[in-house]
Amino acid sequence: MSIAPLVDSRPVAAAPSPPAAGALPLPVVGADLSVPLVTGEQVGYVNLDYAASAPCLRSVLDAVGALLPWYSSVHRGAGFASTVTTELYAAARQAVGDFVGARADDTVVFTRNTTDALNLLAAALPEDTTVVTFASEHHANQLPWRRGRSVVLPVPASADEAIARADDALRGAPSRHRLLAVTGASNVTGELWPLSELAAVAHRRGARLSVDAAQLAPHRAIEMAAIGADYLALSGHKLYAPFGGGVLVGRGDWLDAARPYLAGGGAVRRVTLDGVEWASGAPRHEAGTPNVVGAVSLAAACGALAEVGMSAVAAHEAGLLDRVTRGLGAVPGVERLEMWGPASPRIGVVTFQVRGFHPGVVAAALSAEHGIGVRDGSFCAHPLMSALAGGRAPEARSPEAPADAALPGAVRVSFGVGTSRADIDRFLGAISDLVARGPRARYRLDAGRYVPEPDPRPRPALAGLLAGGTGGAVHGLLASHLAPCQSPA
Ligand code: PLP
């Protein structure tokens, strides 16, 4: 269900502009951004860091703009705007559940992000649960499980090995309840995990499957019911809706039996001086005033992607991926990181090292000399990075690592519905130039990141947005923070 019709049906609400169906790339906020280079030139910004946080879809911003005049208290307000806001919040829950193909009786809990959603699930596990997961997971899908009993399987050498290892581990798990927790798509290599097969294995062993869909959801259609996924977590900011919303979708029984994630208003049916009757369903875990803008923007993003069609999204990204892969293959010294080889299906995420170059310098030079935003480091997946790149390229030690650790780093480019072929070509030209001639500026480590030395790039005058009223104090803080960078050193 799209949230747009509910807004449109109110005569006074502005209609959000529909996404450009069938016309990829889709318009994103910031597509026309221009950024300074260390040379003093200004160039159009190329954002190839979607896997970290994707830009806001223009249609999502329109939906938020349409919502805000109506923004009011949820659930408890008697005013008409409260009624509209409450209905929108409920419609958003339905729309997000529909987008991921949830079962009719699944619970859809709005959270802050994927990390929050997985922590919520970890806190809701019944006593005597063993969680089976892999060393290749993002930290958000490893650390919450460590609070209870968990088994961490080594990085598998193939999708088939992942299935076989999960099967063995679940069969041997000596507990009443079992949960298999895997990612839908790796945030380091982009490789897609065999979810249907893993769900079948889990169910055969009396276990449930939880899917970390932070990277999968922006790139592929998800049908939870058809796959057999029991739980699914995702983040709005990776799904073109950067307004602080996320979601945990899944079976209600464990969630209803668990202690409320937060204690407070909204999560209760009745409170007496010495007792409390907790609510069931999503409200049980959503105490406090919910993030309506986060929820509605997330639903608007789901609606926009569904409208253009996830198969069209996947096809668009496959073309870009092929271009990046072939282009990088022609650059001497570039070595890609992957678990399962070049033929394994993947989303638009490519991670690589360049022999003889520190990944932090490559990323800093792409930004400072070419206006291209990528990510470098170990991507909150330290065990996976150690397994994939621990032995090679010692000069690529991650700046995230303490001085005595040999944690490897790499460069990651990632893209999505707002990315054009011209963006990819700008990147390929820049990386070829960088590898052929080396960086033109000097770089130094500053708090774990490489930065140009000196860095004459002026910062935008965004701080002015906060000037006046109580914002003045914030303005002052921002201005003093930004001032040293504004003049050439
Ligand atoms: N899982 C994966 C696969 C991710 O890539 C990320 C973020 O990069 C997360 C979980 C955590 O997402 P968030 O920071 O939005 O909670």
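In which sense do strand 7 (residues 177–183) and strand 8 pair, and over how many bridges? The pairing is parallel and runs over five bridges. The legends below describe close-up views of this predicted model.

**View 1. Strand 7 meets strand 8.** Strand 7 spans residues 177–183 and lies alongside strand 8 in the parallel sense. Five bridges join the two strands. One bridge can be picked out by name: Leu180 has Leu209 of strand 8 as its partner. Between the two strands the chain passes through helix 6 (residues 195–204). This β-α-β crossover is right-handed.

**View 2. Strand 8 is covered on both faces.** Strand 8 covers residues 208–212. Five of its five residues are buried, so the strand is largely enclosed by the rest of the structure. Buried here means under 20% relative accessible area. One side carries Arg208, Ser210 and Asp212. Leu209 and Val211 are on the other side. Both groups are buried.

**View 3. Strand 8 also pairs with strand 9.** Strand 9 spans residues 231–235. Its pairing with strand 8 is parallel, over three bridges. Here Val211 finds its bridge partner in Leu232 of strand 9. Recall that Leu209 of strand 8 is the bridge partner of Leu180.

**View 4. Strand 5 pairs with strand 7.** Strand 5 takes in residues 129–134. Strands 5 and 7 are parallel and share five bridges. Val131 stands opposite Leu179 in strand 7.

**View 5. Seven strands make one open sheet.** The order across the sheet is 4-10-9-8-7-5-6. The pairing is mixed. Which strands stand at the edges? They are strand 4 (107–111) and strand 6 (149–153). Each has a single partner strand, so one side of each is left without a neighbour in the sheet. On average, neighbouring strands of this sheet are turned by 20° against each other, direction ignored.

**View 6. The largest pocket.** Its volume is about 930 Å³. The lining has 31 residues, and Tyr45, Ser367, Gly373, Arg457 and Arg459 are the closest to the centre. Several elements give two or more residues to this lining: strand 1 (34–36), helix 11 (359–370), strand 15 (372–373), strand 16 (375–377) and strand 19 (449–452). Helix 11 gives the largest share, five residues. By type, the lining divides into 17 nonpolar, six polar and eight charged residues.

**View 7. The largest cavity.** The structure holds two cavities of 30 Å³ or more. The largest encloses about 60 Å³ of space. Which residues line the largest cavity? They are His75, Arg76, Arg93, Gly266, Pro283, Glu286, Gly288 and Pro290. Two of the lining residues are nonpolar, three are polar and three are charged.

**View 8. The second largest cavity.** About 30 Å³ of space lies inside. Tyr50, Ala51, Ala54, Ala214, Gln215, Pro218, His219, Lys238 and Tyr240 form the lining. Six of these residues count as nonpolar, two as polar and one as charged.

Definitions and conventions: Residues are numbered from 1 along each chain as its sequence is written. This is a predicted model: local features need pLDDT of at least 70, side-chain atom pairs count only at pLDDT 80 or more; totals for chains, interfaces and linings use all residues. Side-chain values use heavy atoms; hydrogens and water are left out. Buried means under 20% relative accessible area, exposed over 50%, partly exposed in between (1.4 Å probe, protein chains only). Helices (H or I, at least four residues) and strands (E, at least two) are DSSP runs, numbered from the N terminus. Two strands pair if DSSP finds at least two bridges between them. A crossover is right-handed if, with the strands pointing away from the viewer, the path from the first strand over the helix to the second runs clockwise. On a 1 Å grid over the protein atoms alone, a cavity is a set of points where a 1.4 Å probe fits but cannot get out, and a pocket is an open set with protein on both sides within 12 Å along at least five of seven lines; lining residues have an atom within 4 Å of a point. Grid points are joined across faces, edges and corners, and a volume is the space filled by probe spheres set on the points. Ala, Val, Leu, Ile, Met, Phe, Trp, Tyr, Cys and Pro count as nonpolar, Asp, Glu, Lys and Arg as charged, and the others, Gly among them, as polar. Axes are lines fitted to C-alpha atoms, for helices over the stretch in contact, and angles run from 0 to 180 degrees between N-to-C directions.
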